[in-house]
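Trainee: I have a model open on my screen and would like a close look at a single part of it. Could you take me through one strand and its surroundings?

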Amino acid sequence: MTKVTVRRMTPAEFDQWQTAIAEEYADEQVAAGRWQREGAVQRARDENARLLPQGLETARMLVLRGVDTDGEPVGGAWVDLDHPRGAPDVALLYDIEVIETRRGRGLGRALLEAVEDATRQAGAVALELNVFARNHTATALYSSSGYEVVTQQMRKSL
């Protein structure tokens, strides 16, 4: 398996990431039936801006770039060291993603492990995340990495 380390994103990486993450999050919310398509990307950008009011300088947020042993980008991650629901010593992984052209090589697991290590070093004792049910690849990765379901939201179409 390729080793992955994480470092803080550069301002240029952060700008690109903000655009991509807003578009991807909006797509997921629309596909899950939670948001209307119209205005979804702006809504995602607004939510992210609220959570990251000082961008990269926002306190208690890890906005990370994963790189391989050659220093080439693998993906990115975003961790809130202060759980939004106040769970003590529990961080929340808002986003983790391997660059599309680098997927299928075990880099997701390596990136997740590097993010977990950075989160642990920042003082958290647990890491929580949300995953959309239709993202079977991510769900399998998280389960095989030791994550357990602690809450579950269910829906039935009527």
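What follows is a walk from one strand out to its neighbours.

Trainee: Please start with β2: which residues of this strand point one way and which the other, and are they buried or exposed?

Mentor: Happy to! Keep in mind that this is a predicted model. Met-61, Val-63, Arg-65 and Val-67 point to one side of β2, Leu-62, Leu-64 and Gly-66 point to the other, and all of them are buried. Put as a count, seven of the seven residues of β2 are buried, so the strand is mostly covered.

Now let us see what flanks the strand. Five strands make up an open sheet, with mixed pairing and the order β1-β2-β3-β4-β5. β1 (5–8) and β5 are the edge strands, each pairing on one side only. From one strand to the next, the twist averages 35°. On one flank of β2, β1 pairs with it in the antiparallel sense over four bridges, and Leu-64 in β2 has Arg-8 opposite. With β3, β2 pairs over seven bridges, again in the antiparallel sense. Arg-65 has Gly-76 in β3 as its bridge partner. These two strands, β2 and β3, form a hairpin with five residues between them, and Gly-71 in the turn has a positive phi of about 80°.

The way into β2 deserves a look as well. Arg-60 sits in the loop between α2 (40–51) and β2 (61–67). Its phi is positive, about 65°, although Arg-60 is not a glycine. Most residues other than glycine have a negative phi. Is Arg-60 buried or exposed? The answer lies in between: Arg-60 is partly exposed, because its relative accessible area is 40%, and that class falls between the 20% and 50% cut-offs. Another positive phi outside glycine belongs to Asp-89, near 60°, and Asp-89 is found in the loop between β3 (73–80) and β4 (90–98).

That loop takes us one strand further. β3 and β4 run antiparallel and are joined by six bridges, one pair being Asp-80 with Leu-92 in β4.

Next, the packing around the sheet. β2 is among the elements that give two or more residues to the largest nonpolar core, alongside β3, β4, α3 (107–121), β5 (126–129) and α4 (136–144). α3 gives the most to this core, seven residues. The core holds 25 residues, and those touching the most other members are Val-4, Val-79, Leu-93, Ile-96, Leu-112, Val-115 and Tyr-142. Take Ile-96: leaving aside residues up to four places away in sequence, Ile-96 touches Gly-76, Ala-77, Leu-111, Leu-112, Val-115 and Tyr-142. Apart from this core lies another, of ten residues, including Phe-14, Trp-17, Ile-21 and Trp-78.

Finally, the helices. α3 lies across β1, β2, β3, β4 and β5, and runs at about 150° to β4. α3 also packs against α4 at an angle of about 55°, with the axes 11 Å apart, so α3 is oblique to α4. Their crossing is right-handed. In this contact, Gly-108, Arg-109 and Leu-112 of α3 meet Leu-141, Tyr-142 and Ser-144 of α4.

Technical notes: Residues numbered from 1 in each chain as written. Predicted model: local features only at pLDDT ≥ 70, side-chain atom pairs only at ≥ 80, totals over all residues. Heavy atoms only, no water. Buried < 20%, exposed > 50% of the residue type's maximum accessible area, 1.4 Å probe, protein only. Core = buried A, V, L, I, M, F, W, Y, C linked by side-chain atoms within 4.5 Å. Contact = heavy atoms within 4.5 Å. Pairing = 2+ DSSP bridges. Axes fitted to C-alpha atoms, helices over the stretch in contact; angles between N-to-C directions. Parallel < 35°, antiparallel > 145°, perpendicular 65-115°, else oblique. Left-handed = near helix turned anticlockwise from the far one by under 90°.
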